[in-house]
Structure formats: C-alpha cells, structure tokens
Amino acid sequence: MARMKLGVLISGRGSNLQALIEAAKKEDYPAEVVLVISNRHNAKGLDHARSAGIETLVIDHNDFESRQAFDDAVHAGLVDAGVELVCLAGFMRLLDPEFVARWHNRMLNIHPSLLPAYRGLRTHERAIEDGVRFTGCTVHFVRPEMDAGPIVMQAVVPVRPTDTAVSLGRRVLDYEHRVYVESVRLVASGHVRVSGSRVTGKDLVIPENGLISPLQS
Ligand code: GRF
C-alpha cells in the first residue's frame, strides 16, 4: 500500500514532528514525512528531520513582502514534494484563508487544549488560572479561524493542584504525540470522513466511561 505523504510545518522544537517520524519508521504506518518546512532557520525540529534524512525547507516569512507571497512559497514547496496531507506542528504563523482552502480537509493541526476551550497561546497557564479539573489536547482539520475546525481526536489530562504550566504542559505533550500519531493513522488509512463540522467514521472506538476529578472514595 502506498503511504500518504506528509508535509510537516514547524517553527520550533519539533517534538510532535519527531513523534510522526518515529511512527513512520514502522512499515505498517500508513503515512511518511516527506518534507519539513520551517519559517525559522534555527528551529530545533529541523535537526530531527535532517537526522532522519527528510527533505527540509526554510521559508522565512521575513523574506517576503506579504503573507500571500509567503503562503505561495510554502504551497509550492508542498506541491513540489508531492505532499498529500499537511501537519501543522507548532507552526507559529497564521495561514491565509486562500492557503487553508487549497488544503481543505487535507491539513491537520495539534493544539494543547480541549478545543473549543483555550484557543490561542498560554493554554496551560489559563487552564490553571481558571481552576479547571481537566485539560488536554486536540487534533483537528484546519479552517481559516485560528484553532478551529472538525475534531479528529482529543485526549483528556487531569490538572493536579500542584501543577505549573510547565509540569502540566509536559504531561499534555506526551498525549499530543500519541494523539497526533493516531490521528494521522486514522486519516491516512481512510477511516474518517469530514461531514460539516464533524469528523465521522464507522469503526471509531469511543470510550464508554467519563472521568470524575477529584475522585470520590
Ligand atoms: C505543541 O504544544 C503544539 O500543541 C502547539 O505547539 C507546540 C509544539 O511543540 N501547537 P513541538 O514543536 O511539536 O515540540
């Protein structure tokens, strides 16, 4: 079976990228990373791609006069590499609606909260400030509005009373890696469809039970 070709867009650390690279080392994983694009020269994630022998492109937004010109360069890079599914993984640039339309239902994002709660930045600080008992992470198809679009998969992570944004972020990140790898598996193996604002699939296994926090004895 031909594997789906992924283009991953990053701006920094690249731990989600690394999770996808690791997953694709298994032959039965239905996707492979063929291109990594960073808008920053010094993104650490570029090293992960290079050590795995994956093509990289640095497209620095400062070198372009308009967002449109930058987006066109990113689009051209993806098309040249034969990318079929774009994965945003810590990519810190907003993409123009036209770019989003070109990759409609062919572009995923990972976000460190249970969307639609806590769109934007500082998700863990805000969750702790609000005293929520649960947070988590979400993989969704990208729409022009920031951190919005049909949800593929979510993971729920309890917030501990002693958590800092760093400790909570570390635990959520662990789930991000798992959820991104599994979401790409679902999409690449054709097990899900987007209908309206929802992602459906007949073989999706949904957990039976909810979680209560704090637990009652
Ligand atoms: C992750 O928390 C992701 O959810 C958010 O940006 C961060 C990227 O981390 N969109 P990494 O670069 O994948 O390590």
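## Leu 20 and the nonpolar cores

In this predicted model, Leu 20 is in contact with Val 8, Tyr 29, Val 33, Cys 87, Tyr 180, Val 181 and Val 184, when its neighbours within four places in sequence are left aside. Leu 20 also belongs to the largest nonpolar core, which holds 40 residues. Within that core, the residues that touch the most other members are Val 8, Leu 20, Val 33, Leu 108, Tyr 180 and Val 184. Helix 6, which spans residues 165–188, supplies the largest share of this core, with 9 residues.

Another core lies apart from this one. This other core has 19 residues, and among them are Leu 78, Val 86, Leu 95 and Val 142.

## Helix 1 and its surroundings

Helix 1 covers residues 15–23. It is mostly covered, since 7 of its 9 residues are buried. The buried residues of helix 1 are Ser 15, Asn 16, Leu 17, Ala 19, Leu 20, Ile 21 and Ala 23. A residue is called buried here when its relative accessible area is under 20%.

Against which elements do the buried residues of helix 1 pack? Their partners include the strands 1 (4–10), 2 (31–38), 4 (85–88) and 5 (107–111). Two helices are also partners of these buried residues, namely helix 2 (45–51) and helix 6.

## Helix 1 against helix 6

Two packed helices are described by the angle between their axes and the distance between the axes. For helix 1 and helix 6, the axes come within 9 Å and cross at roughly 45 degrees. Helix 1 is therefore oblique to helix 6. The reasoning rests on the cut-offs: angles under 35 degrees count as roughly parallel, and 65 to 115 as roughly perpendicular. The crossing of these two helices is right-handed.

On the side of helix 1, the contact is made by Ser 15, Asn 16, Ala 19, Leu 20 and Ala 23. On the side of helix 6, the contributors are Leu 173, Glu 176, His 177, Tyr 180, Val 181 and Val 184. Sorted by class, this contact has 7 nonpolar, 3 polar and 1 charged residues. An α-helix has 3.6 residues a turn, so residues three or four places apart point the same way.

## Helix 5 against helix 6

Helix 6 also packs with helix 5, which comprises residues 123–130. Here the angle is about 115 degrees and the axes are 9 Å apart. This crossing, too, is right-handed. His 124, Glu 125 and Ile 128 of helix 5 meet Ala 165, Leu 168, Gly 169 and Val 172 of helix 6. By class, the contact consists of 4 nonpolar, 2 polar and 1 charged residues.

Ala 165 offers a view of this contact from a single residue of helix 6. Not counting residues up to four places away in sequence, Ala 165 touches His 124, Glu 125 and Ile 128. Its C-alpha atom is separated by 8.7 Å from that of Ala 127, although these two residues are 38 residues apart along the chain. Is Ala 165 buried, partly exposed or exposed? Its relative accessible area is 23%, so Ala 165 is partly exposed.

## Backbone features in the loops

Two peptide bonds that precede a proline deserve attention. A cis peptide bond joins Leu 115 and Pro 116, with omega at about 10 degrees. Pro 116 is placed in the loop between strand 5 and helix 5. A cis peptide bond also joins Ser 213 and Pro 214, where omega is about 0 degrees. Pro 214 lies in the segment after strand 9.

Positive phi values form a further topic. Asn 105, a residue other than glycine, has a positive phi near 60 degrees. It is found in the loop between helix 4 (97–102) and strand 5, and because its relative accessible area is 26%, Asn 105 is partly exposed. Asp 147 is not a glycine either, yet its phi is positive, at about 50 degrees. This residue is found in the loop between strand 6 (134–141) and strand 7 (151–158). Asp 147 is buried, because its relative accessible area is 12%.

## Glu 208

Where is Glu 208 found? Glu 208 is in the segment after strand 9 (198–200). Its relative accessibility is 77%, so Glu 208 counts as exposed. The C-alpha atoms of Glu 208 and Leu 115 are separated by 21 Å, and the two residues are 93 residues apart along the chain.

Terms used. Residues numbered from 1 in each chain as written. Predicted model: local features only at pLDDT ≥ 70, side-chain atom pairs only at ≥ 80, totals over all residues. Heavy atoms only, no water. Core = buried A, V, L, I, M, F, W, Y, C linked by side-chain atoms within 4.5 Å. Buried < 20%, exposed > 50% of the residue type's maximum accessible area, 1.4 Å probe, protein only. Helix = DSSP H or I, 4+ residues; strand = E, 2+ residues; numbered from the N terminus. Contact = heavy atoms within 4.5 Å. Axes fitted to C-alpha atoms, helices over the stretch in contact; angles between N-to-C directions. Parallel < 35°, antiparallel > 145°, perpendicular 65-115°, else oblique. Left-handed = near helix turned anticlockwise from the far one by under 90°. Nonpolar A, V, L, I, M, F, W, Y, C, P; charged D, E, K, R; others polar.
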